[in-house]
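Colleague: I'm new to this one. Could you walk me through it with a few questions and answers?

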Amino acid sequence: MSQVRADDAEPAEVPRPRSVRVVLLALMIAILLAMLDNMIVGTAMPTIVGELGGLSHLSWVVSAYTLATAASTPIWGKLGDMYGRKGIFLSSIVLFLAGSVLSGMAQTMGQLIGFRAIQGLGAGGLMVGVMAIIGELIPPRERGKYQGMMAGLMAVATIGGPLVGGTITDHLGWRWSFYINLPLGAVALVMVTAVLHLPKKKAQGRIDYVGAALLTVGITALVLITTWGGNEYDWASAQIAGLAVLGAAALLAFVYVERRVAQPVLPLHIFRDRNFSLITLIGFLAGFVMFGALIFLPLFQQTVQGASATNSGLLLIPMLLAMTVVSLIAGRVTTRTGRYKVFPIVGSALMTAGLFLLSQMDTGTSRFTSGLYMAVLGAGMGFLMQITMLVAQNSVEMKDIGVGSSSATLFRTLGGSFGVAIFGAIFTHQVSATMTARVGHDGAALTSASAQLDQQSIARLPAAVKDAYLHAVAHGTHHIFLWGAVIGLIGFGAAWFIKEVPLRGAAEPADRGEGDGAAATDGPTVAKSV
């Protein structure tokens with residue numbers, strides 16, 4: 001059994017295969033907490049507003065969490081690189097659980113928003129911590145089959161989250177939507193503390209506080225633009241323009257600072273690697289279209305196909321099941337062969353094809369047909385979601401595995417934020433234009449308050465307006481997915497330029513892995529039979 005070594009690290013015992021599986025189980029529980037949270041809380045929101053009030057601030061319950069998660073992700077990654085991942089990861093779990101307890105105890109909407117921000121800070125560490133620990137514990141050649149499990153967890157969270165949230169809210173009360181995190185988090189804490197053994201690191205240099213602050217301001221401005229644009233404020237408003245200027249200035253200053261500090265919070269040199277830059281772009285584009293699909297597919301199903309809110313979640317199963325199965329297969333094949341370049345190419349092609357097929361849906365499309373189209377999209381996402389993280393981690397040195405993982409996670413998150421915002425603007429414009437064309441300005445005024453109406457509101461519309469609205473929604477989703485297909489083509493083109501650098505595997509000598517895009521092997525490895 002090999003000995004674990006890392007830069008500025010003391011030797012640490014490598015976990016045996018069974019211990020690795022126990023650690024991975026704990027990591028899966030931890031990341032499930034972060035994935036489930038918004039799904040569960042979203043279902044409880046109407047009840048929360050009914051008790052705490054503050055309807056006008058409702059969106060901030062989600063926005064505060066999202067902002068804190070996105071802004072803290074790169075900082076958690078750098079802290080793990082500097083001080084060791086185990087302690088930093090345990091800290092993120094504790095912070096997430098503390099935020100959960102406080103959110104459950106909130107007495108006002110303002111308190112809930114603040115406590116959700118604390119919870120989001122912890123969630124940022126959960127996501128990047130899991131990825132970085134897997135990256136440090138398991139060689140890239142072996143990593144694919146384990147990271148494929150993430151797609152399965154995402155499917156469970158997407159489908160099961162609303163169901164669990166509804167059940168908890170109805171039978172235990174909305175506060176248990178937050179308290180439910182405590183037993184799962186406690187299990188993850190105990191398991192990680194007892195079984196995970198990683199090298200202790202002695203940090204060289206000081207934390208880049210200025211860079212961290214500038215990056216936080218820049219990310220916050222970008223997320224607020226995507227959250228407020230077209231909703232709270234018009235896209236051409238002074239508020240959105242001001243945020244754009246603030247974000248651009250903060251990010252330019254961030255780049256200036258990072259080039260001059262000894263320990264940059266986000267080392268810019270990792271973007272000089274062609275594979276890392278390309279796979280980060282592909283991850284951004286995949287997040288762009290995937291989160292847009294997860295928002296607007298249920299809307300189409302509920303509005304045009306008449307599905308209930310619960311059933312619309314279940315109707316996503318073809319996409320999520322295809323994504324899970326393909327992701328697991330791709331991970332196994334990568335582990336067996338060490339090859340991966342074909343997956344981003346095939347994944348981008350299938351993603352583009354699936355989006356184009358979805359753009360052909362109209363008011364007469366059956367649920368079976370839309371399910372087939374979703375399966376094609378899901379298969380494409382399955383080839384992309386975890387392979388992007390694998391290539392990103394294989395393209396950086398072990399000492400930068402944390403910032404590499406956090407960067408890939410951050411850009412995927414930002415892609416999702418921009419995707420939802422831009423798709424939302426396209427959808428609203430197309431619904432308004434179609435309504436005006438079909439029933440004139442007077443008829444369109446009946447749906448002018450929102451481009452998204454619930455089933456009760458639709459049922460109250462006059463027959464002609466209702467028919468026009470159903471066609472308008474179908475037309476809006478047509479344009480969303482058509483533009484999504486264009487985005488997919490960009491990813492397809494980028495995938496061809498990825499260089500297939502051999503993955504370091506358990507069977508390879510520790511001094512292998514040189515060349516463009518290859519990660520240095522100066523970090524922990526596991527025994528050959530993981």
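Modeller: Sure. Contact here means heavy atoms within 4.5 Å. Keep in mind that this is a predicted model.

Colleague: Let's start with Gly-229. Is Gly-229 buried or exposed?
Modeller: You'll find Gly-229 in the loop between helix H8 (209–228) and helix H9 (238–258). The cut-off for buried is under 20% relative accessible area. Gly-229 has 5%, so it is buried.

Colleague: Which residues does Gly-229 touch, not counting residues up to four places away in sequence?
Modeller: Sequence distance and spatial distance are separate things here: Gly-229 and Ile-422 are 193 residues apart in sequence, and their C-alpha atoms are 9.0 Å apart in space. For actual touching, leaving out residues up to four places away, the names are Leu-224, Trp-235 and Ile-240.

Colleague: What about the two helices on either side of that loop? How do H8 and H9 run relative to each other, roughly parallel or roughly antiparallel?
Modeller: Their axes are 8 Å apart and the packing angle is about 155 degrees. Angles over 145 degrees count as roughly antiparallel. The crossing is left-handed. H8 and H9 are therefore roughly antiparallel.

Colleague: And how many charged residues are in the contact of H8 with H9?
Modeller: The H8 side of the contact includes Leu-214, Ala-221 and Trp-228, and the H9 side includes Ile-240, Phe-254 and Glu-258. By class, the contact residues divide into 18 nonpolar, 3 polar and, for charged, 1.

Colleague: Now another pair. What is the handedness of the crossing of H3 and H7?
Modeller: Helix H3 covers residues 85–105 and helix H7 covers residues 181–195; they pack at about 165 degrees, with axes 10 Å apart. That angle makes the two roughly antiparallel. Their crossing is left-handed.

Colleague: How many nonpolar residues does the contact of H3 with H7 have?
Modeller: Among the residues making the contact are Phe-89, Ile-93 and Leu-97 of H3, along with Asn-181, Ala-188 and Val-192 of H7. Set aside 4 polar and 1 charged, and the nonpolar number is 12.

Colleague: Asn-181 caught my eye. Is Asn-181 buried or exposed?
Modeller: Asn-181 is found in helix H7. Not counting residues up to four places away in sequence, Asn-181 touches Leu-33, Asp-37, Phe-96, Leu-97, Ser-100 and Gln-119. With 4% relative accessibility, Asn-181 counts as buried.

Colleague: Which residues have the most contacts inside the largest nonpolar core?
Modeller: That core has 128 residues. Leu-27 is in contact with Phe-89, Val-130, Ile-133 and Ile-134, leaving aside neighbours within four places in sequence. Apart from the largest core lies another, of 13 residues, with Trp-174 among them. The ones with the most contacts inside the largest core are Leu-27, Phe-89, Leu-297 and Met-381.

Colleague: Where is Ser-177 found?
Modeller: At 1% relative accessibility, Ser-177 counts as buried. Leaving aside neighbours within four places in sequence, Ser-177 is in contact with Ile-40, Ala-44, Ile-168 and Thr-169. Its place is helix H6 (residues 176–179).

Colleague: Last one. How far apart in space are Ala-474 and Gln-360, C-alpha to C-alpha?
Modeller: Ala-474 lies in helix H17 (residues 463–495) and is buried, at a relative accessible area of 6%. Not counting residues up to four places away in sequence, Ala-474 touches Phe-300, Val-304, Met-361, Asp-362 and Thr-363. Ala-474 and Gln-360 are 114 residues apart in sequence, and the C-alpha to C-alpha distance is 9.2 Å.

Terms used: Residues numbered from 1 in each chain as written. Predicted model: local features only at pLDDT ≥ 70, side-chain atom pairs only at ≥ 80, totals over all residues. Heavy atoms only, no water. Helix = DSSP H or I, 4+ residues; strand = E, 2+ residues; numbered from the N terminus. Buried < 20%, exposed > 50% of the residue type's maximum accessible area, 1.4 Å probe, protein only. Core = buried A, V, L, I, M, F, W, Y, C linked by side-chain atoms within 4.5 Å. Axes fitted to C-alpha atoms, helices over the stretch in contact; angles between N-to-C directions. Parallel < 35°, antiparallel > 145°, perpendicular 65-115°, else oblique. Left-handed = near helix turned anticlockwise from the far one by under 90°. Nonpolar A, V, L, I, M, F, W, Y, C, P; charged D, E, K, R; others polar.
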